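Welcome, and please load the model in your viewer. We will go from one selection to the next, with a short stop at each.

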Amino acid sequence: MREEEIDRLRGVVRDCMSKHLYSSAIFFADKVAAITSDPTDIYMQAQALYLGGHYRRAFHLLNASQIVLRDLRFRYLAAKCLGELKEWDQCQLVLGNANVDEHGNVTELGDCSSMYLDKDGEDREINILSAICFLRGKASEALENRAQAQLWYKAAIKADPLCYEALACLVENHMLTCDEEASLLSSLQFGAEDGWLSSFYSCLVKKYEKENVVEAKFRELEQDGPSIKPLDKSLLCTLKTNTDLLACKAEYYHQCSEYQKCFELTSTLLEKDPFHLKSTLVHLAAAMELGHSNELYVMASNLVKDYPQQALSWFAVGCYYYCIKKYEQARRYFSKATSLDGTFAPAWIGYGNAYAAREEGDQAMSAYRTAARLFPGCHLPTLYIGMEYMRTHSFKLAEQFFIQAKTICPLDPLVYNELGVVAYHMNEYKKAVHWFEKTLAHIPSNLSEMWEPTIVNLAHALRKLKRYNEAITYYEKALALSTRSLSTYAGLAYTYHLQEKFSAAITYYHKALWLKPDDKFCTEMLTLALADECRYGSIPRIESHHNELLI
């Protein structure tokens, strides 16, 4: 057979693979390989077998070829076949010995050779060593060695920043802390034409910085920025409506507790792409926070119908039952989600929350501890463990876990808020003021009603320190956010009472009792304030005989 006829057959094989006609591709690739015995044709045959799902036969073909020991391509595909067969120990053996340090730098490649035969290679392709590192990571993760998997994923993306799958595994499986993610991104060597990718990756990781910093990152991708070269402009302008980028923005809104904004954006995204799973997950979380049980029901029904084997589908069912306060059923479906995918972090946290909602602390702690072990880069399980200890008045233990959560994610204001609450409970009011002020400093966007309790708690702590004027300032800030808080009115009234400003105290006691007419504390203190005003008027007294507000 002439060379041009063989080339035509090679073209037929490639075309069959691109059209997913794998049986035809296998048939013709087998004939080409038989005629030429060329390593490239043998590799093409193995590739056709792999794509056709004939993993054992593809591995046998590659393993029988002596070049498998010398060509990284052959070795990688042979290992991929074993991975598909779930023979992960054998997969690692085929890849050979190699070591990676704690920073994700490959220090020893063992017997790996750089020989790489590819007659039809593209101008820009993923580094084969990066793909091998990624496969080593998948094998380590499958063998439940998550620490080693994390190192290999870091090695994969360091070897080639275009290996997005490695970053996705690190981020989605919460393998890195905030600082580790930032350090990894800063260490990547992007090409001159890949500046947009660096910006995109920074939007994929945890986003707890100030609002103007994060919004600047999104703007850099959505419009022409000072660092964008003219060559990139046509590409970057199209990213403004990119679903992945908008899903990152929705995730950021959720982190900022702007749930309505998040819900509206994910609703728009899901109209455009109803099967975008990242948008779906964020949409479920926003719907949960807003109490949209009907939306959760519809989403859960559709997901179970379309993706019955996906953990996300059963997580959605659990979210629906959690939203309508049927915690037993929620727990059952969160558990099913974890059994389908043990690395799906939201299901583990939901599972623990369903127990915590019923004050079943031991089971909740067990779920949170499992999540903390599986997802070392996620601070939420550790934070929730601290909350459970605080609920049982184990304040010292709670504080230890809150400090640990702060180490993992030093930018989340919720962590500082919980540290302030536990310090307050331990009567360490100066420390409580410090933590509450840090909470307000770390809030990424403008103050919303969600943070009203933090401001009230800060005011309570200042009142305990007899810094009455500062306490009144913060109580008034809290009232600007919400006018329906009994604690704010009672705290403000009591502070005025301590300052012997009886008229103001009486006014705010009345406002508190308007919200809750049977409140015992306000009723008693109002009676005392009225008596004090009658007895002393505006004459200052030497000492106060009133009890302090209990929180």
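Is Asp38 buried or exposed? Select Asp38 to begin; the model you are looking at is predicted. Asp38 has a relative accessibility of 18%, and because the cut-off for buried is under 20%, Asp38 counts as buried.

**Around Asp38**

Show the cartoon here and you will find Asp38 in the loop that runs between helix H2 (22-36) and helix H3 (39-51). Now add Thr40 as sticks: a polar atom of the Asp38 side chain lies 2.8 Å from the backbone nitrogen of Thr40.

**The whole chain**

Zoom out next. The cartoon shows 30 helices and two strands, and the C-alpha trace spans about 115 × 50 × 45 Å along its principal axes. Of the 551 residues in the chain, 50% are buried. Among contacts with a separation of 6 or more, 56% join residues 24 or more positions apart.

Switch on the surface if you like. About 26700 Å² is exposed, with carbon and sulfur atoms supplying 52% of that area. Colouring by charge brings up 59 positive and 70 negative side chains, and the centres of these two sets are 3 Å apart.

**The nonpolar cores**

Hide the surface and go inside. In soluble globular proteins, nonpolar side chains tend to be buried together. Here, the largest nonpolar core holds 135 residues, and Tyr153, Tyr201, Leu284, Phe315 and Tyr509 have the most contacts inside it. Select residues 311-323 to see helix H18, which gives this core its largest share, nine residues.

Centre on Leu284 now. Setting aside neighbours within four places in sequence, Leu284 contacts Leu296, Met299, Leu303, Leu312, Phe315 and Ala316. For the second, separate core, select Ile26, Ala46, Leu49 and Tyr76, which are included in its 39 residues.

**Last stop: Thr495**

Which helix holds Thr495? Select residues 486-498 and you have helix H28, with Thr495 in it. Thr495 is buried, at 0% relative accessible area.

Show the side chain of Thr495: one of its polar atoms lies 2.7 Å from the backbone oxygen of Gly491. Which residues does Thr495 touch, not counting those up to four places away in sequence? Select Arg463, Tyr468, Ala471, Ile472 and Tyr475 to see them. Finally, draw a distance from the C-alpha of Thr495 to that of Lys466: the two residues are 29 apart in sequence, and the distance should read 8.9 Å.

Methods
Residues numbered from 1 in each chain as written. Predicted model: local features only at pLDDT ≥ 70, side-chain atom pairs only at ≥ 80, totals over all residues. Heavy atoms only, no water. Helix = DSSP H or I, 4+ residues; strand = E, 2+ residues; numbered from the N terminus. Buried < 20%, exposed > 50% of the residue type's maximum accessible area, 1.4 Å probe, protein only. Contact = heavy atoms within 4.5 Å. Polar contact = N/O pair within 3.5 Å; in protein donor to acceptor, adjacent residues only side chain to side chain. Areas by Shrake-Rupley, 256 points an atom, 1.4 Å probe, with all protein chains shown as cover. Lys, Arg positive; Asp, Glu negative; His and termini not counted. Charge placed at Lys NZ, Arg CZ, Asp CG, Glu CD. Core = buried A, V, L, I, M, F, W, Y, C linked by side-chain atoms within 4.5 Å.
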